Amino acid sequence: MIDAHFHIWRQADLPWLTGPMQPRIFGPYEPIRRDYPIAEYVADATSAGMTGAVYVQANWPVDRYVDEAAFVAEASDQSGFPIAIVAYADMLAGDARPQLDALAANARVRGVRMQLHWHENPLYRFAAGPDLARDPLLQSNVARLADYGWSFDLQVFPGQMAGAAELADACPAVTFVLQHAGMLEDLTPEGIAAWRAGMARLAERPNVVSKLSGLGTFLRRNDAAHVAMVARETLALFGANRCLFGSNFPIEKLWTSYADLFAAHRAAVPQGDRAAVFSATAKRVYRLA
């Protein structure tokens with residue numbers, strides 16, 4: 001089984017773990033302001049039967065994107081645990097190709113994430129503006145990922161999904177991996193309707209897949225009923241062959257164990273869909289052995 005979304009880190013490498021507490025979509029994070037080494041992650045993941053994983057960039061200083069990928073590759077080599085990498089690159093650079101060329105020297109890199117999520121609530125805001133997905137320069141750089149055979153991990157809120165769909169249309173040769181099933185944070189009927197409409201718009205794009213990950217982000221708990229609702233709706237729109245599981249550890253470790261998190265997701269995915277969601281889709285999208 002494959003965990004398609006996790007992080008490891010040395011606290012000293014990440015300014016947001018060493019400086020003042022910063023607003024994050026997952027709330028206060030004092031318990032994880034420490035090293036989270038590969039040995040601890042492997043112990044967590046193998047408790048639920050994981051046999052491989054995809055590391056997703058964790059906001060190192062932007063000029064250390066190569067160092068971050070090298071750190072993860074070394075951790076994989078030393079632990080013997082198979083890990084692919086979704087690295088960071090500045091997709092608003094005039095030409096991102098020098099960054100992508102540098103990352104391509106690391107054979108474990110399979111994609112890029114530059115977080116685009118923006119929200120009216122400053123506590124949930126990350127990107128500089130709400131419409132970066134529509135930026136022609138960003139679209140041009142993301143399209144170049146096809147030359148490397150890499151995907152783009154797409155992180156947006158429902159209000160940004162129309163722009164995200166335009167980005168997917170502008171880059172038909174790139175696979176987009178929607179983070180955290182579209183980050184449903186407004187659980188009012190109106191909020192769920194907006195999320196559902198945005199997800200349907202993205203699901204119409206054949207080059208977009210969705211991660212079932214980060215579903216405790218806004219609840220700050222592992223809620224089996226919420227996981228089941230999001231999984232049911234996402235699977236109905238995308239199908240199992242376009243959905244993949246991610247633990248989002250150690251973020252979700254703020255409120256649950258890996259085994260309990262996986263149990264909630266396993267129960268939410270029908271038996272006939274499990275092989276795809278917990279293994280095959282991730283292997284195909286991230287080109288894992």
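How many of the 289 residues in this protein are buried, as a percentage? Buried residues make up 59% of them. Keep in mind that you're looking at a predicted model, so let's walk through what it shows, starting from the whole and ending with single residues.

**The whole protein**

There are 10 helices and eight strands to find your way around. The radius of gyration is 17 Å, close to the 19 Å that the globule rule gives for 289 residues, so the protein is as compact as a globular protein of that length. If you drew a box around the C-alpha atoms along the principal axes, it would be roughly 45 × 45 × 40 Å. Now think about who touches whom: among contacts between residues at least 6 apart in sequence, 77% join residues at least 24 apart.

**The sheet**

Follow the strands and you'll find eight of them forming an open sheet, in the order β1-β2-β3-β4-β5-β6-β7-β8, with parallel pairing. At the edges sit β1 (2-6) and β8 (243-245), each pairing on one side only. From one strand to the next, the twist averages 25°.

Zoom in on β4 (109-113). Three bridges join β4 to β5 (residues 151-154), and these two strands run parallel. One bridge to look for pairs Arg-113 with Asp-153 in β5.

**Helices on the sheet**

Two helices are handy to compare by where they lie on the sheet:

| Helix | Strands it meets | Angle |
|---|---|---|
| α3 (residues 65-79) | lies across β2 (52-56), β3 (83-87) and β4 | about 170° to β3 |
| α6 (residues 161-170) | touches β5, β6 (176-178) and β7 (208-212) | about 180° to β5 |

Stay with α6 for a moment. Its buried residues are Met-161, Gly-163, Ala-164, Ala-165, Leu-167 and Ala-168. What covers them? The cover includes α5, β5, β6, α7 and β7. A bit of background helps when you look at a list like that: an α-helix has 3.6 residues a turn, so residues three or four places apart point the same way.

**Where α6 meets α7**

Helix α7 (residues 189-203) packs against α6 at an angle of about 5°, with the axes 9 Å apart. That angle is under the 35 degrees cut-off, which means α6 counts as roughly parallel to α7. On the α6 side, the contact involves Met-161, Ala-162, Ala-164 and Ala-165, while α7 brings Trp-195, Gly-198, Met-199, Arg-201 and Leu-202. Sorted by character, the residues of this contact are seven nonpolar, one polar and one charged.

**Two residues to click on**

First up is His-117, in the loop between β4 and α5 (136-143). Is His-117 buried or exposed? Its relative accessibility is 3%, so His-117 counts as buried. Beyond its neighbours within four places in sequence, His-117 has contacts that include Ile-25, Tyr-124, Phe-126, Gln-155, Phe-157 and Met-183.

Next, try Val-230, which belongs to helix α8 (residues 224-238). With a relative accessible area of 2%, Val-230 is buried. Leaving out residues up to four places away in sequence, Val-230 touches Ala-181, Leu-184, Trp-195 and Leu-215. Trp-195 may ring a bell, as this α7 residue also takes part in the contact with α6. You can also check a distance: Val-230 and Ser-213 are 17 residues apart in sequence, and their C-alpha atoms lie 10.0 Å apart in space.

Notes
Residues are numbered from 1 along each chain as its sequence is written. This is a predicted model: local features need pLDDT of at least 70, side-chain atom pairs count only at pLDDT 80 or more; totals for chains, interfaces and linings use all residues. Side-chain values use heavy atoms; hydrogens and water are left out. Helices (H or I, at least four residues) and strands (E, at least two) are DSSP runs, numbered from the N terminus. Buried means under 20% relative accessible area, exposed over 50%, partly exposed in between (1.4 Å probe, protein chains only). Contact means heavy atoms within 4.5 Å. Axes are lines fitted to C-alpha atoms, for helices over the stretch in contact, and angles run from 0 to 180 degrees between N-to-C directions. Angles under 35 degrees count as roughly parallel, over 145 as roughly antiparallel, 65 to 115 as roughly perpendicular and the rest as oblique. Ala, Val, Leu, Ile, Met, Phe, Trp, Tyr, Cys and Pro count as nonpolar, Asp, Glu, Lys and Arg as charged, and the others, Gly among them, as polar. Two strands pair if DSSP finds at least two bridges between them. The radius of gyration is taken over C-alpha atoms; the globule rule is 2.2 Å times the number of residues to the power 0.38.
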